[in-house]
Amino acid sequence: MATIHQPSSRAFHMFDKLILLSEGFATYFGKAKGAMTYFDSIGFTPLIPMNPADFLLDLCSGNINDMSLPPKLQQKHKNLSFKKQDNTVGNAPATPRTLLAKDVKKYLVDCCEHQISTWDRTKSLQNQKLKQNLKELQAVVSEKRQWATTWWDQFIILFDRGFRERRHEYMSWMRVLQMVLSALLAGCLWWRSKHSTPNQLQDQEGLLFFIGVFWGYFPLFTAIFTFPLERPILTKERATDMYRLSAYFMARTLSDLPIELGLAVIFIIIIYFMTNLRHGFLPFMYTTLAVCLDVMASQGVGFCIGAAIMDVQKASTFASVIVLAFMLAGGYFVQHIPPFIGWVKYISFQSHTYKILSYIQYDNAKLRGLHGGPTKSVLALAIMVVAYRVVAYTALRRMKISA
């Protein structure tokens with residue numbers, strides 16, 4: 001907040017809007033450059049060259065020296081010049097100038113109120129016209145849209161745009177270095193691991209659980225930021241019917257997958273042979289496919305949370321709790337979960353990934369506390385990949401972005 005005493009003409013014309021008060025009542029509100037024109041229209045004009053700020057200050061104070069008056073006040077000014085009034089204000093005798101100043105202020109307040117009421121009536125008429133135009137527009141919008149391009153063309157263009165935008169983020173040297181160092185660190189910790197003894201088996205199961213948790217964490221928190229950060233652009237482009245919401249959603253959710261899955265494959269290649277997991281082409285391929293399913297399921301959860309909450313900070317906090325619950329119910333830390341909370345493991349993608357990896361690496365005789373075959377877990381992850389994305393798309397439509 002700043003106070004400017006006796007602003008110059010140049011400083012006054014820098015103001016955007018101006019409100020003038022006289023004894024607490026508004027005498028003008030509007031653009032600063034239109035103030036002199038307004039007061040000239042109601043009969044107050046400076047008779048000598050004058051700073052607009054000085055003129056307005058004198059006018060609101062009732063000082064009418066060196067300025068013209070409206071006919072009504074001009075006549076009263078002449079009458080008061082010949083006849084003195086006996087009315088008093090407080091303990092001081094009233095003078096013609098004092099009484100005229102009161103009339104000037106009252107006249108300014110009345111003119112301002114009349115102007116505001118005129119604006120209100122004009123605005124009301126404009127609102128009525130706007131409502132009518134909106135009704136006509138809604139009638140047009142309710143008709144079947146004729147899109148300029150096909151759904152497939154929209155999808156291809158949006159997919160290419162999303163891939164170009166995100167590849168710099170995904171393929172940045174910091175992210176690649178983070179992934180490679182994490183794989184090397186895990187490979188060193190579980191170097192040439194074995195599962196001959198119960199203790200060795202427990203250690204190697206920890207590796208499998210780590211793989212599921214690692215590739216369930218990073219894709220989820222990356223996907224959370226997708227829709228909240230792109231909401232302004234999406235709203236603007238959808239307002240002009242540039243493309244269908246379904247085309248945008250499919251392109252946006254699929255454009256991240258090639259790079260994300262590529263990084264996951266590189267991670268598995270590094271860690272698989274360093275940690276001496278089950279030899280053979282098929283076990284390696286099954287492990288890679290299981291991790292890819294884990295990535296797509298975790299991405300779906302991230303899309304779902306981001307689209308439903310649309311606030312990065314709140315979504316991140318909520319996702320942290322979800323990831324923690326899924327991880328604890330994953331089947332490694334706690335094998336005998338109480339029935340009242342045991343349902344969490346059925347919706348935990350980390351639990352299903354851990355179960356699939358365990359079945360790939362070990363014979364049935366070595367499995368501990370794993371109920372149901374790998375087929376059910378693969379089916380559960382496949383359902384999650386689709387279901388979470390359907391929920392995310394539904395949330396976007398409920399946000400009125402598809403209007």
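This is a short talk on helices, salt bridges and cysteines in one structure.

Keep in mind that this is a predicted model. I'll start with helix H7.

H7 runs over residues 173-189 and has 17 residues. From first C-alpha to last, H7 reaches 24 Å, close to the 24 Å expected at 1.5 Å a residue. Which residues of H7 are buried? They are Arg175, Met179, Ser182, Ala183, Ala186 and Gly187. These buried residues cover an arc of only 130 degrees around the axis, so they sit on the same side of H7. Now turn to the other side of H7. There, Trp173, Met174, Leu185, Cys188 and Leu189 are exposed.

Next, salt bridges. How many salt bridges does the count come to? Seven. I'll walk through some of them.

Take aspartate 160 and arginine 164. They form a salt bridge, with the closest N and O atoms 2.9 Å apart. Both residues lie in helix H6, which spans residues 151-170. They are four residues apart, which means a separation of about one helical turn. How accessible is this pair? Aspartate 160 is partly exposed, at a relative accessible area of 35%. Arginine 164 is partly exposed too, at 45%.

Now arginine 161. Its partner is glutamate 237, and the closest N and O atoms of this salt bridge are 3.0 Å apart. This pair links distant parts of the chain. Arginine 161 is in helix H6, glutamate 237 is in helix H9, residues 226-239, and the two are 76 residues apart. Is glutamate 237 buried or exposed? Glutamate 237 is buried, with a relative accessible area of 12%. Arginine 161 is partly exposed, with a relative accessible area of 30%.

Stay with H9 for the next pair. Glutamate 230 and arginine 252 meet through their side chains in a salt bridge, 2.8 Å from N to O. Here again the pair links distant parts of the chain. Glutamate 230 belongs to helix H9, and arginine 252 to helix H10, residues 245-255. In sequence they are 22 residues apart. Glutamate 230 and arginine 252 are both buried. There is also a network here: salt bridges link Glu230, Arg252 and Asp256.

On to the cysteines. How many disulfides does the structure hold? Zero. Why does cysteine 60 have no bond to cysteine 112? The sulfur of cysteine 112 is the closest cysteine sulfur to that of cysteine 60, but the distance is 9.7 Å, too far for a bond. A disulfide needs the two sulfur atoms within 2.5 Å. Cysteine 112 has its own closest cysteine sulfur in cysteine 111, at 8.8 Å, and that is also too far for a bond. As for burial, cysteine 60 is buried at a relative accessible area of 11%. Cysteine 112 is buried as well, at 1%.

Last stop, aspartate 40. Where is aspartate 40 found? In helix H2, residues 35-41. Aspartate 40 is partly exposed, with a relative accessible area of 43%. Its side chain joins that of threonine 45 in a polar contact of 2.6 Å. Then look across to leucine 69. Aspartate 40 and leucine 69 are 29 residues apart in sequence, and their C-alpha atoms are 9.5 Å apart in space.

To recap, H7 has its buried residues on the same side. The salt-bridge count comes to seven. The structure holds zero disulfides.

Methods
Residues numbered from 1 in each chain as written. Predicted model: local features only at pLDDT ≥ 70, side-chain atom pairs only at ≥ 80, totals over all residues. Heavy atoms only, no water. Buried < 20%, exposed > 50% of the residue type's maximum accessible area, 1.4 Å probe, protein only. Polar contact = N/O pair within 3.5 Å; in protein donor to acceptor, adjacent residues only side chain to side chain. Expected span 1.5 Å × (residues − 1). Arc of directions from axis to C-beta. Salt bridge = Lys/Arg side-chain N within 4 Å of Asp/Glu carboxyl O.
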